[in-house]
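Before any single residue is discussed, please take a moment to look over the chain as a whole. The paragraphs below begin in one loop and work outward from there.

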Amino acid sequence: MKRNGEDRQSEMAFSTQEMAELLELSPRRIQQLAKEGILISHSRGKYVAVESIRNFIRYSVEKEGPSDEDVDYWNEKALHERAKRQKTELALAVMKGEMHRSEDVKMVMNDMLAAFRSRILAMPSKLAPQLLNMSEMPVVLETLTKEAYEALTELSEYDPQKFYAVSEEYVELSEDDNSS
């Protein structure tokens, strides 16, 4: 059963302007909060005072998120330790040659593609003298195809030493160190 004071509180209504002044917001923002269901409408342009103010306070606290006082030290410490472990694992993978830094990959790939480009561009001057005296199409095609395959084979040969040569972080491990 409600007491007289609670009945009066639940019936008390403020106009949009009064609510705006009380909450230090614009009348437009008051209307937006009412549409969002945070402020409770009593009638057109009027808001249930006590319930609306309580809702607004809850909304404001939730919107701000946890304060520094709410931060769990041990949870934060665990997150920090996990990040440090992941960073160490990544650095170890680079050192073992299991992973390459993007800068190293870019450098090695640029070198490989530059060499491939040079080889392809050199094909006409290399093959022209050979093809000059050939009159049969199958022989010409075979010569061109053979040279193209040689260039492509050179491009496809993966050499991890090229990556290790550009990475200062790589450490060569013996077979005993690798077995874990």
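Leu25 counts as partly exposed in this predicted model, because its relative accessibility of 26% falls between the 20% limit for buried residues and the 50% limit for exposed ones. The residue sits in the loop between H2 and H3, and, if residues up to four places away in sequence are not counted, Leu25 touches Ala20, Ile30, Leu33 and Phe56. Glu24 is found in that loop between H2 and H3 as well, and at 73% relative accessibility Glu24 counts as exposed. The backbone of Glu24 also deserves attention, since its phi is near 55°, a positive value in a residue other than glycine.

With this loop as a point of reference, the overall architecture can be set out. The protein has nine helices and three strands, and their order along the sequence follows the pattern α-β-α-α-β-β-α-α-α-α-α-α. Of the 180 residues of the protein, 17% count as buried, while the accessible surface comes to about 14,100 Å², with 54% of it belonging to carbon and sulfur atoms. Among contacts between residues at least 6 apart in sequence, 57% join residues at least 24 apart.

Which residues make up the largest nonpolar core? That core has nine residues in all, namely Met19, Ala20, Leu23, Ile30, Leu33, Ile38, Leu39, Tyr47 and Phe56. Helix H2 and helix H3, the latter spanning residues 27–35, each supply at least two residues of this core, and H2 gives the most to it, with three residues. Ala20, Ile30, Leu33 and Phe56, the residues that Leu25 touches from the loop, are included in the membership of this core. Leu23, another core member, is in contact with Ile30, Leu39 and Phe56 when its neighbours within four places in sequence are left aside.

Helix H2 itself covers residues 16–23, and Thr16 is found in it. Is Thr16 buried or exposed? Thr16 is buried, because its relative accessible area of 13% lies under the 20% limit. Leaving aside neighbours within four places in sequence, Thr16 is in contact with Pro27, Ile30, Gln31, Gly45 and Tyr47; Ile30 and Tyr47 are also listed among the residues of the nonpolar core.

Phe56 leads from the core to the aromatic residues. A search of the whole structure finds two aromatic pairs. Phe56 and Tyr59 form a tilted one, with 6.4 Å from centre to centre and 40° between the planes. Both residues lie in helix H4, which covers residues 49–64, and they are three residues apart, about one turn of the helix. An α-helix has 3.6 residues a turn, so residues three or four places apart point the same way. Phe56 is itself buried, because its relative accessible area of 14% is under the 20% limit. Tyr73 and Trp74 form an aromatic pair that is edge-to-face, at 4.9 Å centre to centre and with 80° between the planes. Tyr73 and Trp74 are both exposed.

This second pair brings the reader to helix H5, which runs over residues 73–96. H5 has 24 residues and reaches 34 Å from its first C-alpha to its last, close to the 34 Å expected at 1.5 Å a residue. The N-terminal end of H5 is capped by Asp72, which has a side-chain oxygen 3.2 Å from the backbone nitrogen of Trp74. H5 is followed by Gly97, whose phi is positive, near 80°.

Gly97 also offers a link to a distant part of the sequence, for Gln161 and Gly97 are 64 residues apart in sequence and 9.6 Å apart in space, C-alpha to C-alpha. Gln161 has its place in helix H8, which covers residues 160–166. At 49% relative accessibility, Gln161 counts as partly exposed, because the exposed class begins only over 50%.

Methods:
Residues numbered from 1 in each chain as written. Predicted model: local features only at pLDDT ≥ 70, side-chain atom pairs only at ≥ 80, totals over all residues. Heavy atoms only, no water. Helix = DSSP H or I, 4+ residues; strand = E, 2+ residues; numbered from the N terminus. Buried < 20%, exposed > 50% of the residue type's maximum accessible area, 1.4 Å probe, protein only. Contact = heavy atoms within 4.5 Å. Areas by Shrake-Rupley, 256 points an atom, 1.4 Å probe, with all protein chains shown as cover. Expected span 1.5 Å × (residues − 1). Polar contact = N/O pair within 3.5 Å; in protein donor to acceptor, adjacent residues only side chain to side chain. Core = buried A, V, L, I, M, F, W, Y, C linked by side-chain atoms within 4.5 Å. Phe/Tyr/Trp six-rings, centres within 6.5 Å; stacked < 30°, edge-to-face > 60°.
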